[in-house]
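Subject: The structure you asked about

Hi,

Here is the structure for you to open alongside this note. Below it I have written up what turned up when I went through it.

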Amino acid sequence: MPTGWDTLGQRFDPLLGGITGAPSIERRLRDLRGAFADAAAYEAALAQGDPLIYSVASVEAGSGPGDLHYGVGTLMPGRIGAEYYLTKGHLHAWRPAAEVYIGIRGEGALLLEDEQTGESRLVPLGPHQVVYVPGSTAHRTVNTGDEPLVYLGIYPAAAGHDYAAIAERNFRCVVIAGADGPVLCDRQSFVASLGARP
Ligand SMILES: [Fe+2]
């Protein structure tokens, strides 16, 4: 991994994501088991293939108390049932750590959930949009458009990622495709409506 002065200037791809020379993680559909609300639609999609859902290229130039890390995320367009493709979502292991997201390409949103109150917000993320994610706030990216969503996230080097809390209980809300665009709705109500479908 590049460190120090070697990483002061990096080149990223605004169309496909990725940072030249930086390590990248990939998440495919099989890696997102349990993330989508419609389990039947998930299994049906997985039976058809295991597409790439998102990737994140990260630069960790330093790990001191004042250092920052950043990453370029690329979230593909698509849906599982009515729910848009999404990232796993996480809290920061160091809860006070905030993050700034900058939209680069595509059309999407950040689903934010206050860990203490459970209050949820859906904040648009795309070109010309910056989103501030406060500390102690679970955050997940969704792609509500029809092209890759590319974005930059900048966060304290000490933030860390806590995926376990989300994997255990998931977000309280889901983002589904409505007749007039994305709709934020209660997960339990949405799952109940699936059980009632013909
Ligand atoms: Fe984060």
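Let me start with one residue: Tyr-42 sits in helix α1, which covers residues 39-48. Please keep in mind throughout that this is a predicted model.

Is Tyr-42 buried or exposed? Tyr-42 has 20 C-beta neighbours inside 10 Å, so it counts as buried. The helix around it is another matter: α1 is hardly covered, with one buried residue among its 10. Setting aside neighbours within four places in sequence, Tyr-42 is in contact with Phe-36 and Ile-80. Ile-80 is 38 residues away along the chain, yet the two C-alpha atoms are 5.9 Å apart. Just past the end of α1, Gly-49 adopts a positive phi of about 155 degrees.

Now for the chain as a whole. You will find three helices and 13 strands in it. The radius of gyration is 17 Å, close to the 16 Å that the globule rule gives for 198 residues, so the chain is as compact as a globular protein of that length. Along the principal axes, the C-alpha atoms fill a box of roughly 60 × 35 × 30 Å. Buried residues account for 33% of the 198. If you take contacts between residues at least 6 apart in sequence, 71% of them link residues at least 24 apart.

Next, the sheets. One is an open sheet of six strands, ordered β1-β2-β3-β11-β6-β9, and its pairing is antiparallel. At its edges are β1 (24-28) and β9 (130-133), each of which pairs on one side only. On average, neighbouring strands in this sheet are turned by 20 degrees against each other, ignoring direction. To see the pairing at one edge, look at β1 and β2 (residues 52-60): they run antiparallel and are joined by five bridges. Within that pair, Arg-27 has Tyr-54 of β2 as its bridge partner.

Another open sheet has three strands, in the order β8-β7-β10, again with antiparallel pairing. Here β8 and β10 are the edge strands, pairing on one side only, and the twist from one strand to the next averages 25 degrees. Strands β7 (residues 108-114) and β8 (residues 120-125) are antiparallel and share six bridges. Two of the facing pairs are easy to pick out: Leu-112 stands opposite Arg-121 of β8, and Gly-108 has Leu-125 of β8 as its bridge partner. The two strands make a hairpin with five residues between them, and Gly-118 in the turn has a positive phi of about 80 degrees.

Finally, the interior. Which residues touch the most other members of the largest nonpolar core? Out of its 39 residues, they are Ala-109, Leu-110, Leu-111, Leu-125, Val-142, Tyr-151 and Val-175. Elements that give two or more residues to this core are β2, β3 (68-75), β6 (99-105), β7, β10 (137-143), β11 (149-156) and β12 (173-178). The largest share, five residues, comes from β2. Leu-125 is a good place to centre your view: beyond four places in sequence, it touches Tyr-101, Gly-103, Gly-108, Ala-109, Leu-110, Val-131, Thr-141 and Tyr-151.

Happy browsing, and do write back with any questions.

Best wishes

Note on methods: Residues numbered from 1 in each chain as written. Predicted model: local features only at pLDDT ≥ 70, side-chain atom pairs only at ≥ 80, totals over all residues. Pairing = 2+ DSSP bridges. Helix = DSSP H or I, 4+ residues; strand = E, 2+ residues; numbered from the N terminus. Axes fitted to C-alpha atoms, helices over the stretch in contact; angles between N-to-C directions. Core = buried A, V, L, I, M, F, W, Y, C linked by C-beta atoms within 7 Å. Buried ≥ 20, exposed ≤ 12 C-beta atoms within 10 Å, placed from the backbone. Contact = placed C-beta atoms within 7 Å. Rg over C-alpha atoms; globule rule 2.2 N^0.38 Å.
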